[in-house]
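Me: I have a structure to go through and could use some help reading it. Can we take it piece by piece?

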Amino acid sequence: MKRSILKNKYFLYLTEFFAGMSVMAVELGASRLLAPYFSSSQIVWTIIIGTIMIAMALGNVWGGRSADKNPDPDRLYRRLLFAAVWIAFIPLVGTYVIAGISVVLAVFIQKQFLVWAAFAACMALFVFPLLLLGTVTPSLAKYTMDNLEDNGRTVGTLNALNTIGSIIGTFTPTFLTIPAFGTSVTFLIFAGILLALGLVYFLSGTNKKKVLCGVSAGVFAVSCLAAPQVRLAFWQNGVLFEGESIYNYLQVRETDRSVILSTNVMAGVQSIKMKAGGLTGLYYDYALAAPLMTGADPAQPLDLLILGMGTGTYASQCRTYFPQITAEGVEIDEKITGLAYDYFDLPDDIPVSTYDGRAFLAASDKQYDVIMVDAYQDITIPFQMSSVEFFELVRGHLKEDGVLVVNMNMYSEENNSINDYLADTIASVFPHVWTADVPNTTNCELFAGLNPACADNLARAAGGLQDRSLAEMMGKVSAALTPYQPGGRLLTDDKAPVEMLGMKAIDEIIGGELAYYRDIFEREGLGGLIQSMAA
């Protein structure tokens, strides 16, 4: 027997609307929850979307069969309560589940770790609640159908409301709840909506199911209190800031020597400030060779453009060692620029445009002495900034003796790596290309220009530097410079499989770092592995 609240169809229509909204909100929340572990690449998005589609399809089948077998709306709204509680628990336990899955699979899987780990995490966290939400449409079609004459209109209305809810559920997390409140609160908001639907339904009739409603509300309340205290990157110490923007998960952490920005990665350095000043010990030091490679007189003004400004590490370094440089940056994430001023002491007179790097170049006529491309974050390489067409645009914005410096951050010893493709692509546009590996990192700095004397310019300039530490570093860079011999592997706007190439490099990096533990597992089994990791 239907409850009084179902005598008209408006409550059922609201259920359909909010169910569609919640599915998309959970999908977008899933991408942000996974980003610190697996990045936010197209591969991860594909896994998230595919997993959710599997769950929804299974839910559609189950919901339809369940409604035919026992057309009792209580069953549907119980499922909504279960889905609400599960979604509310995701921000509380999700980071630990993902970290545990990642550790286990990293030991046992040598190829396509990113795919398998992200898929396993999605299956563990998101399949169950989305399967339950997948039962909503077929169940409501059963409950709202009065006769066969208007069944097409009824199903069409339900689908339209689900679609409208999905649209709102797409824009609301991206532009409102995630930037304003974060991923955890976003999950809780939409879990609360589903919980409210279930509570209103069950508390509207004579059989109120007070125990079920009370337990569901209690669990939700516990998660609301505890979940916001859980950090996404809980393994990091010294965290000064953790938040989210439209584009990125953002974390600023402090060590004894430095302040570090990490974005969308489990561990990494996207920007750094050395508390004592001086060189960073990272790839930024190698990139300081670019102004010297122009051959310009030390007193001659130079114009520097940084695509992928981050918090301005390179701009600040150039300002320190080359006062004649006028720097400006392009950074698509405005929140990162805010962090640059709050935590990294970016000078106020260095302008930063909130723009996509390629779009900025397309809209500008200015030419520069040095252009740095530092927009590659592990596997999250924007394909539009890796193609022949992009580097042709860069070349058009360089002066005659200008130098391009690109930070390539996924070193690989295998042939046909992502760095090989990037270097070949750049070499198809610039006649003179040099590379220099950064020791003890996965970074490689690439320098390109139209002037064949760039390397000689650096060697001459290094010997005349007054700053001893900089002179020593530039000597190292000069010695490490290797003329690049291209192999014809090109990335274009039409074909740039940067995600797949990046995944191969990630597999190699993880394989090398975990080879020790794999050897222990093969020799001593699981017990020996656990003992060695606990030691």
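Reply: What follows covers the nonpolar cores and then one strand with its partners. This is a predicted model, in which local features need pLDDT of at least 70, side-chain atom pairs count only at pLDDT 80 or more, and totals for chains, interfaces and linings use all residues. Residues are numbered from 1 along each chain as its sequence is written, and side-chain values use heavy atoms, with hydrogens and water left out.

Me: How many residues has the largest nonpolar core?
Reply: It has 66 residues, and Phe38, Tyr77, Phe126 and Leu130 have the most contacts inside it. A nonpolar core here is a set of buried Ala, Val, Leu, Ile, Met, Phe, Trp, Tyr and Cys residues joined through side-chain atoms within 4.5 Å. Buried means under 20% relative accessible area, with a 1.4 Å probe and protein chains only.

Me: Which helix gives the largest share of this core?
Reply: Helix 3, with 15 residues. Another core lies apart from it, with 44 residues, including Met274 and Met372.

Me: New topic. Why is strand 5 largely enclosed?
Reply: Five of its six residues, in the run 302-307, are buried, so the rest of the structure largely encloses it. Helices (H or I, at least four residues) and strands (E, at least two) are DSSP runs, numbered from the N terminus.

Me: And which residue stands opposite Leu304?
Reply: Ala327 in strand 6. Strand 5 and strand 6 pair in the parallel sense over six bridges; pairing requires at least two DSSP bridges between the strands.

Me: What about strand 8?
Reply: Strand 8 (residues 368-373) pairs with strand 5 in the parallel sense over four bridges. There, Leu305 stands opposite Ile371.

Definitions and conventions. Buried < 20%, exposed > 50% of the residue type's maximum accessible area, 1.4 Å probe, protein only.
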